[in-house]
Amino acid sequence: MKTLRHRIVDLHARRILPAEVDVLDGRIDAIRPLDSDASVTPGVLLPGFVDAHVHVESSMLPPAEFARVAVRHGTVATVSDPHEIANVLGEAGLDFMLEDAARACMPIHFGVPSCVPATDFETAGASLDSTAVARLLEDDRFRYLSEMMNWPGVLHQDPEVMAKIAAAKRLGKPVDGHAPGLRGDDAVRYAAAGITTDHECFSLEEARDKAQAGMKILIREGSAARNLDALLPILTEFPHLAMFSTDDAHPDELLKGHLDRSVARCVAHGVDVFDVLRAACLHPVEHYGLDVGLLREGDRADFILVDDLVDFRVSRTWIEGRLVAEDGRCTVPGAAVATPNVFRDARFEPSDFEIEADVPDARVRVIEAEDGELVTGESIATLATKDGVLQPAPADDVLLVAVCNRYAPAPPAVAFIRGFGLRRGAIASSVAHDSHQVIAVGTSPDAVSTAVNAVFERRGGLVAVDGDRTAGLSLPIAGLMSDRPAEEVAAGYEAVSAVARDLGSTLQAPFMTLSFMALLVIPSLKLGDRGLFDGNAFAFTSVRL
């Protein structure tokens, strides 16, 4: 038996007290209150943080390596949607995630992806229909139905969509939502269909509408989308409905912090510490029915030691009574990992990325990327024509954007985009939500073809090209994750991002923003492998007016 003496946080009684905590065989055997703080050692024990929605793949680390980083920041469990790898490898990808997570030092609770592919307007590497989803939900290793991104299908009672939701409800498993911008009666109808959460709110008004409809609001603070400041009042107005999510956290950000940073920021803004900690620790466990300890007698011994309840610097993390992290390092060693993948052999020419025009000047639709947001806008630009080909205008930040099919032979889809700021060269990536084709942004067809070919040659990864100079990070696991240690992956990611910024990009995370330019379910204008897509009308549209 191991005994710890600290001040402890009792989230259910909303109190902090000095106590002795006995740990035996991975569970809390007893908690004995003490008379005063004088008899305890420094630090505060509290239940560990639970990320209520995260795509492990977005860390570019496989589950076991992701866990080795997360526990350093006091995360003791995650609720994770594996739809990134499912869109590439289907059920084989889910098997990989389950198998790798089984050896992780932290429990990772997976859901069954509900949208593979995300829409019928794009090409993914696999498909999971309602029959497959229902069968997978029968597996106890899957705790819920992952984010239902096809919100139009919910509102219009699409039979396939509703069959997936019905399968989860029949088994008593929660259904996660994904409906950016949905408000009013539509939000009420979406929730009434059985959708229990949403992590896509980017305005307080939207979050209020969904909370009033009974949905849990996951306050997201990731690498591309950062909504904490906008949604902070939800913790006070609807404290019983709030949880925290990182959604997509790139490796460099994950090394710096996880939910510990969100918790500290909320407390610094004056939010009641118990409301914050209940959202970060308690609500995900209750909502998803997780076997994660909450610092009560009989619970699993999952808890953390922080220096104080202000900065929340995590000094130790225990999971099932095992010390898995101490003073910023994981005590569990890493291990080799498999590298399943699928990538066709292909090589592209600059002419593949040209858009022809038969007039001296042409008006075109332009995707407007916004730093720190997944949503995009739409604008109109007039571009010059040279030798019958529309010319991008880097001086005006009107660049080429292209999506290339990695699964089957097909011509690239090409359009124009603003917001990346490149003055020369191009960047490309095989991380392109949700079908994970190869996506690129560049100043010329020549630069785009060079970048795209470099990704295909690596069979996945991130690249930045500037003439003869190419920087890259290889991602051999499904074109999404690396098989290298987290620190090495983060360094590689930072290096290729630095080259992108050297090319002129002013975005905080150019590759993260790039990865969402093909996510058709997020309005308003995106590019899929089959063409330019209007997310508001949920239909294809033309590049030229």
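**Entry 1: the strands β1, β2 and β3**

I began with β3, where I31 is the bridge partner of V21. The model I am reading is a predicted one. I then looked up the pairing around this position and found that β2 is joined to β3 (residues 27-33) by six bridges, with the two strands running antiparallel. I noted that β2 and β3 make a hairpin with two residues between the strands, and that D25 in this hairpin has a positive phi near 55°.

I next turned to the pairing of β2 with β1. Strand β1 (residues 2-10) pairs with β2 over nine bridges, in the antiparallel sense. I recorded T3 as standing opposite D22 in β2. These strands, β1 and β2, also form a hairpin, here with four residues between them. In its turn I found R14 with a positive phi of about 55°.

I asked how many residues of β2 are buried. For β2 (residues 15-24) I entered seven of ten as buried, so the strand is largely enclosed by the rest of the structure. The cut-off I applied for buried is under 20% relative accessible area.

**Entry 2: the strands β14, β15 and β16**

I moved on to β15 and its partners. Strand β14 (residues 314-319) is joined to β15 (residues 322-326) by four bridges, and the two run antiparallel. I noted T317 opposite A325 in β15. The hairpin of β14 and β15 has two residues between the strands, and I found a positive phi of about 55° at E320 in the turn.

I followed A325 to the other neighbour of its strand, where its bridge partner in β16 is C330. Strand β16 (residues 329-330) is joined to β15 by two bridges, again in an antiparallel arrangement. I recorded a hairpin for β15 and β16 as well, with two residues between them. In that turn D327 has a positive phi of about 50°.

**Entry 3: helix α13**

I looked up the length and course of α13 (residues 273-288). The helix has 16 residues and reaches 22 Å from its first C-alpha to its last, which is close to the 22 Å expected at 1.5 Å a residue. I asked where α13 has its kink. I found the kink centred on A279, with an angle of about 45°. On exposure, I entered α13 as mostly covered, with 14 of its 16 residues buried.

**Entry 4: the pockets**

I then examined the largest pocket, for which I noted a volume of about 310 Å³. Its lining consists of 20 residues, and P117, D120, N150, V161 and K164 lie nearest the centre. I listed the elements that give two or more residues to this lining as α5 (151-155) and α6 (159-170). Of the elements, α6 gives the most, with three residues. By residue class I counted ten nonpolar, five polar and five charged residues in the lining of the largest pocket.

I closed with the second largest pocket, which has a volume of about 200 Å³. I found 16 residues lining the second largest pocket, with A64, E65, R103, G334 and A335 nearest its centre. I asked how the residues of this lining divide into nonpolar, polar and charged. I entered nine nonpolar, two polar and five charged for the second largest pocket.

Note on methods
Residues numbered from 1 in each chain as written. Predicted model: local features only at pLDDT ≥ 70, side-chain atom pairs only at ≥ 80, totals over all residues. Heavy atoms only, no water. 1 Å grid on protein atoms, 1.4 Å probe; cavity = no way out; pocket = protein on both sides within 12 Å on 5 of 7 lines; lining within 4 Å. Points joined across faces, edges and corners; volume = space filled by probe spheres on them. Nonpolar A, V, L, I, M, F, W, Y, C, P; charged D, E, K, R; others polar. Pairing = 2+ DSSP bridges. Expected span 1.5 Å × (residues − 1). Bend = angle between axes of the 7 residues up to and from the residue. Buried < 20%, exposed > 50% of the residue type's maximum accessible area, 1.4 Å probe, protein only.
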